[in-house]
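Q: Hey, got a few minutes to walk through this one with me? I'd like to start with how the strands pair up.

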There are 2 protein chains.
Amino acid sequence: MIDKLSTDSYKGVRDFYPEDMAVQRYIFDTWSKTAESFGFERYDASILEPSDLYKAKGAENEEMVNEQTYTFTDRGSREVTLRPEMTPTVARMVAAKARELAFPLRWYSIPNLFRYERPQKGRLREHWQLNCDIFGSDSVAADVEVIALAYQTMIDFGANDTQFEIRINNRQLMTDFFADRYGIVDPEIITQVNRTLDKRRKVTKAEFDGLLKEIVRDEYEKLRDELNLNVEEFVALLNTERNHSTLINVKNGLEQLEIKNVIFDASLARGFDYYTGTIFEIFELDNDGKSTGRSMLGGGRYDNLTSMFGGEPVSGIGFGMGDVTMRDFLETHNLLPEHLKSTAAEVIVIPMTPEENLFAQGVAQKIRQTGISASTDIGTQKADKKKVRAIDRGAKFLTIISEDEIKSGTLTIRNVVSGEEKTGQLEEILNFLTTE
Amino acid sequence: MIDKLSTDSYKGVRDFYPEDMAVQRYIFDTWSKTAESFGFERYDASILEPSDLYKAKGAENEEMVNEQTYTFTDRGSREVTLRPEMTPTVARMVAAKARELAFPLRWYSIPNLFRYERPQKGRLREHWQLNCDIFGSDSVAADVEVIALAYQTMIDFGANDTQFEIRINNRQLMTDFFADRYGIVDPEIITQVNRTLDKRRKVTKAEFDGLLKEIVRDEYEKLRDELNLNVEEFVALLNTERNHSTLINVKNGLEQLEIKNVIFDASLARGFDYYTGTIFEIFELDNDGKSTGRSMLGGGRYDNLTSMFGGEPVSGIGFGMGDVTMRDFLETHNLLPEHLKSTAAEVIVIPMTPEENLFAQGVAQKIRQTGISASTDIGTQKADKKKVRAIDRGAKFLTIISEDEIKSGTLTIRNVVSGEEKTGQLEEILNFLTTE
């Protein structure tokens, strides 16, 4: 028996009071709207997944699962994990129905994801993420479309294309580059290279040089210079037998769609090992057009994501975009609508005393039946205080019910915005409301 | 390293493929719409809660927490529970800001809840639930409103009031009844009585008589008869010094709102110990107007739900309604809309061969900019197969892009419903689409 319980939420997660929920819904609704404008269909799954789903890729993943996820054993001795990302779940779902589904699929979801880590700004233990994928197409048109969708999510929040940039690269291109130019072919070293490249924007130039030295020793200056080339120059460095047109085609395809804030970045590596082709990331820009280092979203192409389940191979391309970063970005750039849709009622019926509560409920019910939201302020405050509160909450109309109104059946309703008033029988009031 | 992974979800939870997700969204959207028509504001919280939140009520709850919930210890030695119900969470949130919040509050949420139990029809390990509460009002008008909202959720799904009934009772009335008529005052026996009453509809009449005998021995026939009285007769049995008008006022209040499928049921007990006043439950009816035993939702009034957090007492009344039962009900009564909104695109652009993919993406992008959803079928199938698939997914318009269209710049778009066609430059096609 505990005497007095704390009102704190669990560490690293958020409570959504109505004002926070309004922001969250605005973000989710905008995401949905954009994804659906591209014909993406929404799916979902449980946050509970068998832990094996995350361990399938070997010892390194097993370590990740044990150290960075919420994993526990249920009473049936099953090991369960709270999903840390959506991709394994959607791969499982696609594999389960691979024979019935008509590919290519355009699927999106807005799952909550869990990571066991020290809470810090922008990195909570639970966050929501927009996940969009095209499954079952190798066409470069899929790469172009997914990046165009990522771009459009930013635009649909009111951002303009001077406030962010899309960095693109190609994992296969980089693998070939390191093989051709530096003789690096060992997959473990390639992984190390990718991690090094990922740090470029997080460390000083001198530190980055130091990291490059660890990989290519004396050639670090050559490598650093080559990483700064533009896409045509960079591709030209490579063995011409290989086809490296994909990256250029993606860039040109985006230009055709009038998406111009795209730059090639040979040091863009993206952490996940499952990417095999196009990779991309959107970064916030400051007023001088320089990256602030804030990453808005990232994604890429993967081959045969469903291989671990057996069956026909399914490739795809997709991205993920988090709610915490999105909200921070919207606040930084003043892009949150000033009056987020309050779901408090449009019409507030105010009983003068509790004696009139039930009659007032009847009036509110009649108003609702016309399709207009209405509620009765059954609080014990004075009517004047109730008026102030109704206006605070965004009510558009007020009507006060006292003994007089009940006796006469004549009500007065006021438009609090225009000040206009209407007095009459309930039927007349309803007419007034529905024609306003 | 695992050779081949199962595609099964975790036991007792659901995957939501787009067709299931469309049903789920229809249910959630209808719930939201109804709650918001009453001016309820939406909130949410994390599924992770400190386990103490559920243990606060003593040993019995501790047992419930250990045996029926997902509870585990995190790496910081904190005991965490996946929320099995929303009420403790919302009580915590209300208590945390009790000084700032303007009562009465009308709050709703659609949380997912977790119970560790054997999965069976209608009882999964994870389900979603509409939760609606009015906090901070003792007025009987709040009881009437919350029941009216519960009623309206059924109506807004297209149910009519011959398909369900609202059973109401009052916990305080029953406590007084057992004290006055049978001398039962021991809280533990009252709990036993409530559990017995709850079984009335789940056991045979003879079994129920047997259970009543355990409580009141020879008086079981008298008790059984009294449980069948109507509300006025029942209240008349009681010590008149006590005020038992609440139940009658609730019933009359609902009648004033033209809600007539309400019946008093002295054997309605509701499982939860925290109810203290009005309790209610909605049951499905068969064609003969008899209860099928399917409970659609239940709720009631509680005093000072926030007591365990200290501070000012806050009372309230609310209910919860599950998605699994709701979907079953809608399917049984054929109430699911035939064409649930597909989020596949309205316009499908079909490239004749992959060569036209990127051009087709450009056309789709221009269409989207007019506010109409559009996607390009970049699959490798023949154009005829793509047409069939587009229509299957509910597309309204099709346009095919071959080499000819690219050369001439002249496109043809077809309305697949009316068969109407339009041929012209892209600008003309966009005009046609936006004026259709």
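A: Sure. First, a ground rule: two strands count as paired if DSSP finds at least two bridges between them. Also keep in mind that this is a predicted model.

Q: OK, so how many bridges are there between β15 and β16 of chain A, and in which sense do they pair?
A: Strand β15 (residues 397-401) of chain A and strand β16 (residues 410-415) of chain A are linked by 3 bridges, in the antiparallel sense. Within that pair, Thr399(A) sits opposite Ile413(A) of β16(A).

Q: What does the whole sheet look like, in strand order?
A: It's an open sheet of 5 strands in chain A, ordered β14-β13-β15-β16-β17, and the pairing is mixed. The edges are β14 (374-376) and β17 (421-425) of chain A, each pairing on one side only. On average, neighbouring strands are turned by 20° against each other, if you ignore direction.

Q: Which helix packs on that sheet?
A: That's α16 (residues 426-435) of chain A. Helix α16 touches β13 (347-351), β15, β16 and β17 of chain A, and its direction makes about 140° with that of β17(A).

Q: Switching to β7 of chain A: how many of its residues are buried?
A: 10 of 10, for residues 126-135 of chain A.

Q: Which ones point which way?
A: Glu126(A), Trp128(A), Leu130(A), Cys132(A) and Ile134(A) point one way from β7(A). His127(A), Gln129(A), Asn131(A), Asp133(A) and Phe135(A) point the other way, and both sets are buried.

Q: And which strands does β7(A) pair with?
A: Strand β12 (residues 316-322) of chain A is one of them, joined to β7(A) by 7 bridges and running antiparallel. There, Ile134(A) stands opposite Ile317(A). Strand β5 (residues 105-109) of chain A is antiparallel to β7(A) too, with 5 bridges, and Trp107(A) has Asp133(A) as its bridge partner. Then there's β6 (residues 112-114) of chain A, pairing with β7(A) over 3 bridges in the antiparallel sense. In that pairing Phe114(A) faces Glu126(A).

Q: Let's do helices. At what angle do α6 and α7 of chain A cross?
A: Roughly 115°, and the axes come within 11 Å of each other. That makes α6(A) roughly perpendicular to α7(A). As for handedness, α6(A) passes α7(A) in a right-handed crossing.

Q: Which residues make the contact?
A: From α6(A), you've got Arg171(A), Met174(A) and Phe178(A), and from α7(A), Ile190(A), Val193(A), Asn194(A) and Leu197(A). By type, the contact of α6(A) with α7(A) has 5 nonpolar residues, 1 polar and 1 charged.

Q: What about α6 and α7 in chain B, what's the angle there?
A: About 115°, with the axes of α6 (residues 171-182) and α7 (residues 187-198) of chain B 11 Å apart. So α6(B) and α7(B) are roughly perpendicular to each other, and their crossing is right-handed. The contact brings Arg171(B), Met174(B) and Phe178(B) of α6(B) up against Ile190(B), Val193(B), Asn194(B) and Leu197(B) of α7(B).

Q: Last one: is Thr196(A) buried or exposed?
A: Thr196(A) is buried, because its relative accessibility is 7% and the cut-off for buried is under 20%. Thr196(A) lies in α7 of chain A.

Q: And what does Thr196(A) touch?
A: Leaving out residues up to four places away in sequence, Thr196(A) touches Phe208(A), Leu211(A), Leu212(A) and Ile215(A).

Conventions: Residues numbered from 1 in each chain as written. Chains lettered and ligands numbered in written order. Predicted model: local features only at pLDDT ≥ 70, side-chain atom pairs only at ≥ 80, totals over all residues. Heavy atoms only, no water. Axes fitted to C-alpha atoms, helices over the stretch in contact; angles between N-to-C directions. Helix = DSSP H or I, 4+ residues; strand = E, 2+ residues; numbered from the N terminus. Parallel < 35°, antiparallel > 145°, perpendicular 65-115°, else oblique. Left-handed = near helix turned anticlockwise from the far one by under 90°. Contact = heavy atoms within 4.5 Å. Buried < 20%, exposed > 50% of the residue type's maximum accessible area, 1.4 Å probe, protein only. Nonpolar A, V, L, I, M, F, W, Y, C, P; charged D, E, K, R; others polar.
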